[in-house]
Amino acid sequence: MKTCRALFCALFLISFSSFSFAADLVVIGHPSASSLSKSQVADIYLGKTRSGALYDLPEGSDLYALFYEQATGRNVSQVKSTWARIVFSGQAQAPSQLNDSNAVRSAVAENPNAIGYIEKSAVDDSVKVLLELN
């Protein structure tokens, strides 16, 4: 009986912990870039609209999954499938994955045609917030 209670508690905590992660994400661009709508961001990050350089956070990160759910309404598996089809057909290249928000911010700041996403708390004057996600 104690084993069942311990297992139940562990499962409860694991399932509850997925709801405890929340971050305010923003789509960023070069300071000279124009703001974007959520549908424009979705089209860009799903390969429907061509854009300049696209930057992603690492695929295994919580922020990667959160971004795609908030920006496109799709889960990681759906996004991977979409990009596999696009890349295989030669229509476009998938976004470049960088190690962390600092790397994305730096890459976007250096390229006037780049777009990326990071935590709102990581924004500085080197980039412009193009869209806030919730």
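## Briefing: a chain packed around helix α3

Helices α2 and α3 lie oblique to each other in this predicted model, because their axes cross at roughly 125°, an angle outside the 65 to 115 degrees that count as roughly perpendicular and not over the 145 needed for roughly antiparallel. Helix α2 covers residues 38–45 and helix α3 covers residues 62–72. This pair is a good place to start, since α3 gives the most residues to the largest nonpolar core, six of them.

**The overall layout**

- The chain has five helices and five strands, and their order along the sequence is α-β-α-β-α-α-β-α-β-β.
- There are 134 residues in the chain, and 35% of them count as buried.
- Among contacts with a separation of 6 or more, 73% join residues that are 24 or more positions apart.

**How far to trust it**

- The average pLDDT of the chain is 87, and 84% of the residues reach at least 70.
- Strand β1 has the highest confidence, at 98, while helix α1 (residues 2–20) has the lowest, with a mean of 45.
- Across residues 6–20 the pLDDT falls below 50, and this stretch makes zero contacts in the model beyond near neighbours in sequence.
- Where pLDDT is low, the predicted coordinates should not be read in detail.

**Where α2 meets α3**

- The axes of the two helices come within 8 Å.
- On the α2 side, the contact is formed by K38, V41, A42 and Y45.
- On the α3 side, the residues are F67, Y68, Q70, A71 and T72.
- Sorted by class, this contact holds six nonpolar, two polar and one charged residues.
- V41 of α2 also looks further afield: setting aside residues up to four places away in sequence, V41 touches V27, L36, F67, A71 and L131.

**Where α3 meets α4**

- The axes of α3 and α4 come within 9 Å and cross at roughly 80°, so these two helices are roughly perpendicular to each other.
- Residues Y64, A65, Y68 and T72 of α3 meet V76, V79 and W83 of α4.
- This contact has six nonpolar residues, one polar residue and no charged ones.
- Y68 and T72 are worth finding on screen, as both appear in the contact with α2 and in the contact with α4.

**Helix α3 and its surroundings**

- Eight of the 11 residues of α3 are buried, so the helix is mostly covered.
- The buried ones are L63, Y64, L66, F67, Y68, Q70, A71 and T72.
- These buried residues pack against two helices, α2 and α4, and against strands β1, β2 (55–56), β3 (96–97) and β4.
- Just past the end of α3, G73 takes a positive phi of about 75°.

**The nonpolar core**

- The largest nonpolar core contains 36 residues, and those with the most contacts inside it are V27, V41, Y45, F67 and Y68.
- Elements giving two or more residues to this core are the strands β1 (25–29), β4 (115–119) and β5 (128–132), along with the helices α2, α3, α4 (76–88) and α5 (101–110).
- In soluble globular proteins, nonpolar side chains tend to be buried together.

**Three residues to look at**

- Q70 sits in helix α3 and counts as buried because its relative accessible area is 15%, under the 20% cut-off.
- Leaving out residues up to four places away in sequence, Q70 touches A23, L25, K38, L133 and N134.
- A23 lies in the loop between α1 and β1 and is buried too, with a relative accessible area of 19%.
- With the same neighbours in sequence left out, A23 touches L63, L66 and Q70.
- A23 and D62 are 39 residues apart in sequence, and their C-alpha atoms are 9.5 Å apart in space.
- D24 belongs to the loop between α1 and β1 as well, but D24 is exposed, with a relative accessible area of 53%.
- Beyond residues up to four places away in sequence, D24 touches I118, E119 and K120.
- The C-alpha atoms of D24 and L133 are separated by 6.7 Å, although the two residues are 109 residues apart along the chain.

Methods
Residues numbered from 1 in each chain as written. Heavy atoms only, no water. Axes fitted to C-alpha atoms, helices over the stretch in contact; angles between N-to-C directions. Helix = DSSP H or I, 4+ residues; strand = E, 2+ residues; numbered from the N terminus. Parallel < 35°, antiparallel > 145°, perpendicular 65-115°, else oblique. Contact = heavy atoms within 4.5 Å. Nonpolar A, V, L, I, M, F, W, Y, C, P; charged D, E, K, R; others polar. Core = buried A, V, L, I, M, F, W, Y, C linked by side-chain atoms within 4.5 Å. Buried < 20%, exposed > 50% of the residue type's maximum accessible area, 1.4 Å probe, protein only. pLDDT = per-residue confidence, 0-100.
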